[in-house]
Amino acid sequence: MRIETETRWILLGTDGRHVSLGRAEPSATEIATANDALAAQGLSGWLACMQGDYYSRGKVTLEPLQRIGAPHEADWQAALTAFHAARQRVQRNY
């Protein structure tokens with residue numbers, strides 16, 4: 001039996017905050033709009049591809065695709081750790 005894995009594109013902030021852009025790969029225009037909106041607020045992060053079901057207890061993996069928003073030298077691993085902590089908080093309340 002083969003289990004399908006959900007794929008989502010997300011914006012992951014340097015502090016672990018995140019938002020889903022959806023299951024379809026975002027267009028260049030959508031990425032540019034997100035980039036500009038983050039930069040205007042002085043925020044930054046990554047466009048990332050997430051594999052796995054966000055609300056399940058199973059593992060999810062994230063792959064950074066490009067930096068977005070304000071220029072930054074943030075640590076991907078620190079943002080990833082903060083993302084997983086935020087996801088665990090959501091699961092406790094779900």
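A residue counts as exposed when its relative accessible area is over 50%, as buried when that area is under 20%, and as partly exposed in between. These terms recur throughout the tour of this predicted model.

**First stop: the sheet**

Begin by selecting the four strands, which form an open sheet in the order S2-S1-S3-S4 with antiparallel pairing. S2 and strand S4 (61–69) stand at the edges, each with a single partner strand, so one side of each has no neighbour in the sheet. From one strand to the next, the twist averages 30°.

**Second stop: strand S1**

Select residues 7–13, which make up strand S1. Six of its seven residues are buried, so the strand is largely enclosed by the rest of the structure. On one side, S1 pairs in the antiparallel sense with strand S3 (residues 44–51) over seven bridges. To inspect one position in this pairing, display Trp 9, which stands opposite Cys 49 in S3.

Now add strand S2 (residues 18–22), which runs antiparallel to S1 and is joined to it by four bridges. Here Leu 12 has His 18 of S2 as its bridge partner. S1 and S2 form a hairpin with four residues between them. Within that turn, select Gly 16, whose phi is positive at about 95°.

**Third stop: strands S3 and S4**

Move across the sheet to S3 and S4, which run antiparallel and are joined by eight bridges. Selecting Gln 51 and Thr 61 shows one such pairing, with Thr 61 lying in S4 as the bridge partner of Gln 51.

**Fourth stop: the helices**

Select residues 28–40 to display helix H1, which packs on the sheet and touches S1, S3 and S4. The direction of H1 makes about 65° with that of S4. Next, display H2, which lies across S1, S2, S3 and S4. H2 runs at about 110° to S1.

**Fifth stop: the aromatic residues**

How many aromatic pairs does the structure hold? There are three aromatic pairs. For one of them, select Trp 46 and Trp 76, an edge-to-face pair with 5.2 Å centre to centre and 85° between the planes. Trp 46 belongs to strand S3 and Trp 76 to helix H2 (residues 76–93), so this pair ties together parts that are 30 residues apart in sequence. Are these two residues, Trp 46 and Trp 76, buried or exposed? Both Trp 46 and Trp 76 are buried.

Then select Tyr 54, Tyr 55 and Phe 83, which ring pairs link into a cluster. Add Arg 87 to the selection: Arg 87 lies over the face of Tyr 54, at 6.0 Å from the ring centre.

**Final stop: the salt bridges**

Side chains of opposite charge can pair when their charged atoms come close. This structure holds three salt bridges.

Select Glu 6 together with Arg 8; the two form a salt bridge in which the closest N and O atoms are 2.7 Å apart. Glu 6 also forms a salt bridge with Arg 23, where the closest N and O atoms are 3.4 Å apart. The pair of Glu 6 and Arg 23 links distant parts of the chain, 17 residues apart: Glu 6 is in the segment before S1, while Arg 23 is in the loop between S2 and H1. Glu 6 has a relative accessible area of 22% and is partly exposed. Arg 23, at a relative accessible area of 56%, is exposed, because that value is over 50%.

Finally, return to the hairpin region and select Arg 17 with Asp 15, which form a salt bridge with the closest N and O atoms 2.7 Å apart. Arg 17 counts as exposed at 53% relative accessibility, whereas Asp 15, at 41%, counts as partly exposed. To close the tour, display Glu 6, Arg 8 and Arg 23 together, since salt bridges that share partners join these residues into one network.

Conventions. Residues numbered from 1 in each chain as written. Predicted model: local features only at pLDDT ≥ 70, side-chain atom pairs only at ≥ 80, totals over all residues. Heavy atoms only, no water. Buried < 20%, exposed > 50% of the residue type's maximum accessible area, 1.4 Å probe, protein only. Helix = DSSP H or I, 4+ residues; strand = E, 2+ residues; numbered from the N terminus. Pairing = 2+ DSSP bridges. Phe/Tyr/Trp six-rings, centres within 6.5 Å; stacked < 30°, edge-to-face > 60°. Lys NZ or Arg CZ within 6 Å of the ring centre and 35° of its normal. Axes fitted to C-alpha atoms, helices over the stretch in contact; angles between N-to-C directions. Contact = heavy atoms within 4.5 Å. Salt bridge = Lys/Arg side-chain N within 4 Å of Asp/Glu carboxyl O.
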